[in-house]
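Trainee: I have not looked at this structure before. Could we go through it in short questions and answers?

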Amino acid sequence: MAYVKDQWTRGVKQADGSTVRVRNARWGHGKRWLAGWIDPEGRERTKAFTTKAPAERHANAMETDRERGEYIDPEAGKVRFGVVAERWLASRVVDPATAIRYESSLRLHVDPVFGRRQLRTIKPSEIAAWLADLGFAVRAVDRACGVPRPARNARTRGG
């Protein structure tokens with residue numbers, strides 16, 4: 001279940017049974033509200049916010065996405081493109097000549113441009129420009145790779 005926690009105060013139980021919020025050592029330092037949720041693998045994830053409303057919205061959205069099966073790990077985009085490309089290359093079951101061609105293209109053309117970048121920093125418009133610089137027709141590459149029309153159209157909107 002999603003939750004939101006105030007990181008600047010703590011609850012102290014009074015003699016009459018009521019709870020009073022008391023400032024702690026973090027008072028006034030850093031972001032105040034911590035949104036927490038459980039990801040599909042069962043790990044607790046958190047993200048800090050300055051105000052309570054966005055923290056609640058984020059925690060509830062993460063919980064809802066998990067329940068719907070639409071959860072995307074916020075940390076997934078931090079992985080470098082080169083790491084994903086290596087995994088992709090290793091997963092291909094192709095003849096040796098094709099494997100050599102894939103590895104060569106990746107090493108000579110893709111890695112120098114995108115290899116060290118985090119996935120979340122690479123925009124479709126950058127990929128389109130890079131393909132154009134290489135002399136490839138973006139639409140032909142999309143069709144060959146099976147990119148659906150809505151995704152191709154999103155690129156023209158600056159995505």
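Trainee: Which residue does Arg66 meet in a salt bridge at 2.9 Å, N to O?
Mentor: The model is a predicted one. In it, Arg66 joins its side chain to another in a salt bridge of 2.9 Å, N to O. Both residues lie in helix α1, three residues apart, which is about one turn of the helix. The partner is Glu63.

Trainee: Is Glu63 buried or exposed?
Mentor: Buried means under 20% relative accessible area. Arg66, at 22%, is therefore partly exposed. Glu63 has a relative accessibility of 15%, so the class for Glu63 is buried.

Trainee: Which other residue shares a salt bridge with Arg66, at 2.6 Å?
Mentor: The side chain of Arg66 also takes part in a salt bridge of 2.6 Å, N to O. The partner in this bridge has a relative accessibility of 57%, so the partner counts as exposed. That residue is Glu67.

Trainee: Which residues are joined into one network by salt bridges that share partners?
Mentor: By the distance rule used here, the count of salt bridges comes to nine. Some of them share partners, and this links their residues into one network. The members are Asp39, Glu41, Arg43, Arg45 and Asp73.

Trainee: How many residues apart in sequence are the parts tied together by Arg45 and Asp73?
Mentor: The side chains of Arg45 and Asp73 meet in a salt bridge of 3.0 Å, N to O. Arg45 lies in strand β5, residues 44–49, while Asp73 lies in the loop between α1 and α2, so the pair ties together parts of the chain that are separated in sequence. The separation is 28 residues.

Trainee: Is Arg45 buried or exposed?
Mentor: The cut-off for buried is under 20% relative accessible area. Asp73, at 25%, is partly exposed. Arg45 has a relative accessible area of 13%, so Arg45 is buried.

Trainee: Which residues make up the largest nonpolar core?
Mentor: In soluble globular proteins, nonpolar side chains tend to be buried together. The largest nonpolar core here has nine residues. They are Ala2, Trp33, Ala35, Trp37, Phe49, Ala55, Ala59, Met62 and Tyr71.

Trainee: Which elements each supply at least two residues of this core?
Mentor: One such element is a strand that spans residues 33–38, and another is a helix that spans residues 52–68. Their names are β4 and α1.

Trainee: With which residues is Met62 in contact, leaving aside its neighbours within four places in sequence?
Mentor: Met62 is a member of the largest nonpolar core, as are Trp37 and Tyr71. Once the neighbours within four places are set aside, the contacts of Met62 are Trp37, Tyr71 and Pro74.

Trainee: How many residues are in the second, separate core?
Mentor: This core includes Val110, Phe114, Trp130 and Leu131. The full count is seven.

Trainee: How are α3 and α4 oriented to each other?
Mentor: Helix α3, residues 96–114, packs with helix α4, residues 124–134, at an angle of about 140 degrees, and the axes are 12 Å apart. The contact is made by His109, Val110, Val113 and Phe114 of α3 and Glu126, Ile127, Trp130 and Leu134 of α4. Angles over 145 degrees count as roughly antiparallel, and the term for α3 and α4 is therefore oblique.

Trainee: What pattern does the protein follow along the sequence?
Mentor: The protein has six helices and five strands. Read along the sequence, they give β-β-β-β-β-α-α-α-α-α-α.

Definitions and conventions. Residues are numbered from 1 along each chain as its sequence is written. This is a predicted model: local features need pLDDT of at least 70, side-chain atom pairs count only at pLDDT 80 or more; totals for chains, interfaces and linings use all residues. Side-chain values use heavy atoms; hydrogens and water are left out. A nonpolar core is a set of buried Ala, Val, Leu, Ile, Met, Phe, Trp, Tyr and Cys residues joined through side-chain atoms within 4.5 Å. Buried means under 20% relative accessible area, exposed over 50%, partly exposed in between (1.4 Å probe, protein chains only). Helices (H or I, at least four residues) and strands (E, at least two) are DSSP runs, numbered from the N terminus. Contact means heavy atoms within 4.5 Å. A salt bridge is a side-chain nitrogen of Lys or Arg within 4 Å of a carboxyl oxygen of Asp or Glu. Axes are lines fitted to C-alpha atoms, for helices over the stretch in contact, and angles run from 0 to 180 degrees between N-to-C directions. Angles under 35 degrees count as roughly parallel, over 145 as roughly antiparallel, 65 to 115 as roughly perpendicular and the rest as oblique.
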